[in-house]
Amino acid sequence: MDQIATGKFIRELRKERGMTQQALADMLSISEKTVSKWETGKGLPEVGLMLPLCDALQITVNELLSGKRLDGATFRQQAEENVARLLQARQEAKKKLAVCIALCAVSLLAGVALVLTAGLAEMQTWARILLLCVALFVVGGQIAIICVIDREAGSFECPYCKARFVPTMKQFVLAPHTFTRRRLQCPHCGRTSYCRRRLDKS
Ligand SMILES: [Zn+2]
């Protein structure tokens, strides 16, 4: 999938139909900014928006992902390539999440081990303090890394408009959450709610 090619293609088709970015955005209940983001190749439409977008532009999802109109002969081959790429992106997101969980466990163990050593072993006060500082540093550093990986592993789905989005770092870190949900503000409809984690990247 070539984001830039897909973006140019969306713009081309929208203009062919005499629609403004706002008109297309209204049809999909999204913001004009999102349409502009797609057209400039800064993002691909979220999976949940692909069908409605293709309906609006009267193309197939396969053509959208390929960034061009396809005839019968190339259609099948492109379709297979596109499906393979989508699956690969999903697999990578899952792998990242697994790495994240492993890192989380390791940092917790390392932190506990360091704190126990500092508390129980015979040593000078300064050594104890140093060890506690190292423990804090290890756990803090790991949490920061985990946040970065975790935020990027997939996206969140708004329960109201079903839009998928990746929250900003600040939103992500500050959001109350459970294992599968995080309280976030949806950038599409603006409502704040517990959004479910999805492994598809947008
Ligand atoms: Zn929403």
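This briefing walks through the overall build, the domains, the core, the sheet and two loop residues of one protein chain. The model is a predicted one, so keep that in mind as you look around. The chain has 202 residues, and its secondary structure comes to eight helices and four strands. It's split into three stretches: domain 1 (3-70), domain 2 (91-152) and domain 3 (155-198).

**Overall build**

- Start at the N terminus and read along: the elements go α-α-α-α-α-α-α-β-β-α-β-β.
- How does the radius of gyration of the protein chain sit against that of a compact globule of 202 residues? The globule would come out near 17 Å, while the protein chain has 23 Å.
- Measuring along the principal axes, you'd need a box of roughly 75 × 35 × 25 Å to hold the C-alpha atoms.
- Just 19% of the 202 residues count as buried.
- Take the contacts between residues at least 6 apart in sequence: 59% of them join residues at least 24 apart.

**Where domains 1 and 3 touch**

- The centres of domain 1 and domain 3, taken over C-alpha atoms, are 23 Å apart.
- How many residues does each domain put into the contact? Domain 1 gives six residues and domain 3 gives five residues.
- On the domain 1 side, what touches domain 3 is a mix of two nonpolar, three polar and one charged residues.

**The nonpolar core**

- Here's a handy rule of thumb: in soluble globular proteins, nonpolar side chains tend to be buried together.
- In this chain, the largest nonpolar core has 20 residues, and Ile10, Ala163 and Cys186 are the ones with the most contacts inside it.
- Several helices chip in: α1 (3-16), α3, α4 (47-57) and α5 (61-66) each supply at least two residues of this core.
- Which domains feed this core? Domain 1 (3-70) and domain 3 (155-198) each provide at least three residues.
- Zoom in on alanine 163, and leave out residues up to four places away in sequence: it touches Ile30, Glu46, Gly48, Cys158, Cys186, His188 and Cys189.

**The sheet**

- The four strands make an open sheet in the order β2-β1-β4-β3, and the pairing is antiparallel.
- Why do β2 (164-165) and β3 (181-185) each have one side without a neighbour in the sheet? They stand at the edges, and each has a single partner strand, so one side is left free of neighbours in the sheet.
- Five bridges link β3 to strand β4 (residues 192-198), running in the antiparallel sense.
- For one example, find arginine 183: its bridge partner in β4 is tyrosine 194.

**Two loop residues with positive phi**

- Serine 29 isn't a glycine, yet its phi is positive, near 50°.
- Look for serine 29 in the loop between α2 (21-27) and α3 (32-39).
- Is serine 29 buried or exposed? Serine 29 is partly exposed, because 13 other C-beta atoms lie within 10 Å, and a residue needs 20 or more to be buried or 12 or fewer to be exposed.
- Lysine 162 isn't a glycine either, and its phi is positive at about 65°.
- You'll find lysine 162 in the loop between β1 (155-157) and β2.
- Lysine 162 has 14 C-beta neighbours inside 10 Å, so it counts as partly exposed.

Conventions
Residues are numbered from 1 along each chain as its sequence is written. This is a predicted model: local features need pLDDT of at least 70, side-chain atom pairs count only at pLDDT 80 or more; totals for chains, interfaces and linings use all residues. Two strands pair if DSSP finds at least two bridges between them. The radius of gyration is taken over C-alpha atoms; the globule rule is 2.2 Å times the number of residues to the power 0.38. Two residues are in contact if their C-beta atoms, placed from the backbone, lie within 7 Å. Domain bounds come from an automatic or database domain assignment. Ala, Val, Leu, Ile, Met, Phe, Trp, Tyr, Cys and Pro count as nonpolar, Asp, Glu, Lys and Arg as charged, and the others, Gly among them, as polar. A nonpolar core is a set of buried Ala, Val, Leu, Ile, Met, Phe, Trp, Tyr and Cys residues joined through C-beta atoms within 7 Å.
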